[in-house]
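Thanks for asking me to look this one over. Here are my notes as numbered points, to read with the structure open.

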Amino acid sequence: MNLAITAEELNQQYPEKDKWPTFSACKTPSILPTDNSYDVICDIPASLSCFKGHFPDQAVLPGVVQINWANDLAKRIFKYEEFRGVNYLKFNTMILPETKVILSLTLNPEKHTVKFRYTSIAEDDSMTKEKNEVLFSSGIFVFSEAK
């Protein structure tokens, strides 16, 4: 299975910039393929239309948007057509505007499932440079067989 896809290709596939994150390069490539896994680095701009009115005092990336993005990217990257359902879904903490997140997608080809995780890396202690991963949300999608 050829899983090669670049951030530039993804950005071209999502022309409605007010509805999708920006897939950007930072110190590492935006999409890091390893075996059956992809890490997609996403910049979540405050200008996204989904932030309007969700919520009045603090804009929050809606869970349904997180699911939609992960599902759509999983289908494109792993060549799935038919979404069958969600086996697991958990929201741990809110994704706020202007956050850089890592969307990790891991394929289990035997079960036709894709695990997704939205995480971020936050520095905890500037003296030791210790870093902790922040888990925003995670879940497992079930698909029919790949194309």
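1. To begin with a question: does Phe-83 count as buried, partly exposed or exposed? Phe-83 counts as partly exposed, because its relative accessibility is 33%, and the band for that class starts where the buried class, under 20%, ends. I return to this residue below, but please keep in mind throughout that the model is predicted.

2. First, the overall layout. The protein chain has two helices and seven strands, and from the N terminus on these elements follow the order α-β-β-β-α-β-β-β-β. Of its 147 residues, 40% count as buried. Among contacts with a separation of 6 or more, 63% are between residues 24 or more positions apart. The chain exposes about 8400 Å², and carbon and sulfur atoms supply 51% of that area.

3. Next, a word on confidence. The average pLDDT of the chain is 81, and 80% of the residues score at least 70. Strand β4 has the highest confidence, at 94, whereas strand β2 (residues 31-34) has the lowest, at a mean of 58. Over residues 25-29 the pLDDT falls below 50, and this stretch has five contacts in the model beyond near neighbours in sequence. Where pLDDT is low, the predicted coordinates should not be read in detail.

4. Now the aromatic residues. A search of the whole structure gives seven aromatic pairs. One of them joins Tyr-38 and Phe-78 in an edge-to-face arrangement, with 6.3 Å centre to centre and 80 degrees between the planes. Because Tyr-38 sits in strand β3 (residues 37-44) and Phe-78 in helix α2 (residues 63-78), this pair ties together parts that are 40 residues apart in sequence. Tyr-38 counts as buried, at 0% relative accessibility; Phe-78 is buried too, with a relative accessible area of 0%.

5. Phe-83 also belongs to a pair. Phe-83 and Phe-141 meet edge-to-face, 5.7 Å centre to centre, with 75 degrees between their planes. What does this pair tie together? Phe-83 lies in strand β4 (residues 83-91) and Phe-141 in strand β7 (residues 130-143), so the pair links parts that are 58 residues apart in sequence. Phe-141 is at 0% relative accessibility and therefore counts as buried, while its partner Phe-83, at 33%, is partly exposed.

6. Both rings are part of a wider group. Phe-83 and Phe-141 form one aromatic cluster with Tyr-80, Phe-116, Tyr-118 and Phe-143.

7. Phe-141 has another neighbour worth a look. Thr-113 is found in strand β6 (residues 113-125) and is buried, with a relative accessible area of 11%. Leaving aside residues up to four places away in sequence, Thr-113 touches Ile-140, Phe-141 and Val-142, as well as Thr-106, Leu-107 and Asn-108.

8. Finally, the surface. Which residues make the nonpolar surface patch of about 310 Å²? Phe-83 is one of them, together with Val-86, Leu-89 and Phe-91. Leu-89 has its place in strand β4, and at 38% relative accessibility Leu-89 counts as partly exposed. Phe-83 thus appears both in the aromatic cluster and in this nonpolar patch.

Technical notes. Residues numbered from 1 in each chain as written. Predicted model: local features only at pLDDT ≥ 70, side-chain atom pairs only at ≥ 80, totals over all residues. Heavy atoms only, no water. Phe/Tyr/Trp six-rings, centres within 6.5 Å; stacked < 30°, edge-to-face > 60°. Helix = DSSP H or I, 4+ residues; strand = E, 2+ residues; numbered from the N terminus. Buried < 20%, exposed > 50% of the residue type's maximum accessible area, 1.4 Å probe, protein only. Contact = heavy atoms within 4.5 Å. pLDDT = per-residue confidence, 0-100. Patch = residues over 30% accessible without salt bridge, like charges linked within 9 Å, V, L, I, M, F, W, Y side chains within 5 Å. Areas by Shrake-Rupley, 256 points an atom, 1.4 Å probe, with all protein chains shown as cover. Salt bridge = Lys/Arg side-chain N within 4 Å of Asp/Glu carboxyl O.
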